[in-house]
Amino acid sequence: MRTDTGAAPLIRPAGRHALLVELPDAERTAAFHAELLRRRAAGTLAPVAEIVPGATTVLLDGVAEPSALARELSAWDLPRTPPAEGTVITLPVVYDGPDLAEVAELWGVPEHEVAARHSSYTYRVAFCGFAPGFAYLTGLPAALHVPRRATPRTRVPAGAVALAGPNSAVYPRATPGGWQIIGTFPTPEALWDPAKDQAALLVPGTRVRFDPLATRATTTQAGHEPATPHGGEA
């Protein structure tokens with residue numbers, strides 16, 4: 001497998017029936033993950049029980065012939081970026097977070113501009129982890145990456161919309177955390193519902209948009225659905 005830079009990802013065995021593919025960065029990891037899903041849907045990928053993306057890795061588990069699949073993957077040519085297509089989930093957000101002023105200062109903009117900038121991008125779920133329903137969203141430009149807090153909070157409330165490094169996220173439940181909180185998603189229970197066949201609302205490959213709400217009162221008055229999927233481009 002070669003990327004558009006010519007760098008060859010590292011493919012190594014992970015037990016008897018799995019492969020771990022290490023890629024140069026998160027963007028090309030997302031592109032590789034998208035290509036795996038595309039080929040599996042088309043029936044042109046060797047049988048794989050699970051495809052699990054990480055920050056810069058993808059685990060392929062339940063592979064009958066790992067050596068044969070590794071040779072196949074080595075022959076692939078991959079673009080640098082994942083395709084801009086598929087389902088888009090829109091999440092309403094009240095931009096009222098306690099770290100709004102700090103993020104505005106880091107970005108060099110007034111506080112009200114944080115909502116406009118953060119909600120102007122389409123994000124992609126790179127991988128999930130940390131807590132059930134917690135999705136790491138990529139898509140924020142490098143100039144807007146912010147550091148984690150020097151001292152993590154012992155409790156970040158459910159629904160907190162937060163930033164850390166290259167990622168955005170929405171906390172599905174109250175947990176400790178060191179991310180910069182810029183807003184609130186009013187219905188965090190929508191992010192993880194074990195009663196559904198797909199418990200997590202946000203799964204790897206899903207695209208996400210944020211819809212800014214002016215105040216908490218607006219959330220009720222406007223009658224927004226907590227999470228709205230759309231097909232195609234945002």
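**Notebook: a four-stranded sheet and Thr175**

I looked up Val21 and found Val58 of strand 4 opposite it; strands here are DSSP runs of E with at least two residues, helices are runs of H or I with at least four, and both are numbered from the N terminus. The model is predicted, so I note its limits: local features need pLDDT of at least 70, side-chain atom pairs count only at pLDDT 80 or more, and totals for chains, interfaces and linings use all residues. Residues are numbered from 1 along each chain as its sequence is written, and side-chain values use heavy atoms, leaving out hydrogens and water.

I then took the strand pair. Strand 2 (residues 18-22) and strand 4 (residues 57-61) run antiparallel and are joined by 5 bridges; pairing requires at least two bridges found by DSSP between two strands.

Next I traced the sheet. It is open, with 4 strands in the order 1-2-4-3 and antiparallel pairing. Strand 1 (10-13) and strand 3 (50-53) are the edge strands, each pairing on one side only.

I checked the helices. Helix 1 (residues 26-42) packs on the sheet and touches strand 2, strand 3 and strand 4, contact being heavy atoms within 4.5 Å. The direction of helix 1 makes about 30° with that of strand 4; axes are lines fitted to C-alpha atoms, for helices over the stretch in contact, with angles from 0 to 180 degrees between N-to-C directions. Helix 2 (residues 66-74) lies across strand 1, strand 2 and strand 4, at about 25° to strand 2.

Last, I looked up Thr175, which sits in strand 11 (residues 175-177). Leaving out residues up to four places away in sequence, Thr175 touches Phe130, Thr154, Arg155 and Val156. Thr175 is buried, at 12% relative accessible area (buried is under 20%, exposed over 50%, partly exposed in between, with a 1.4 Å probe and protein chains only).
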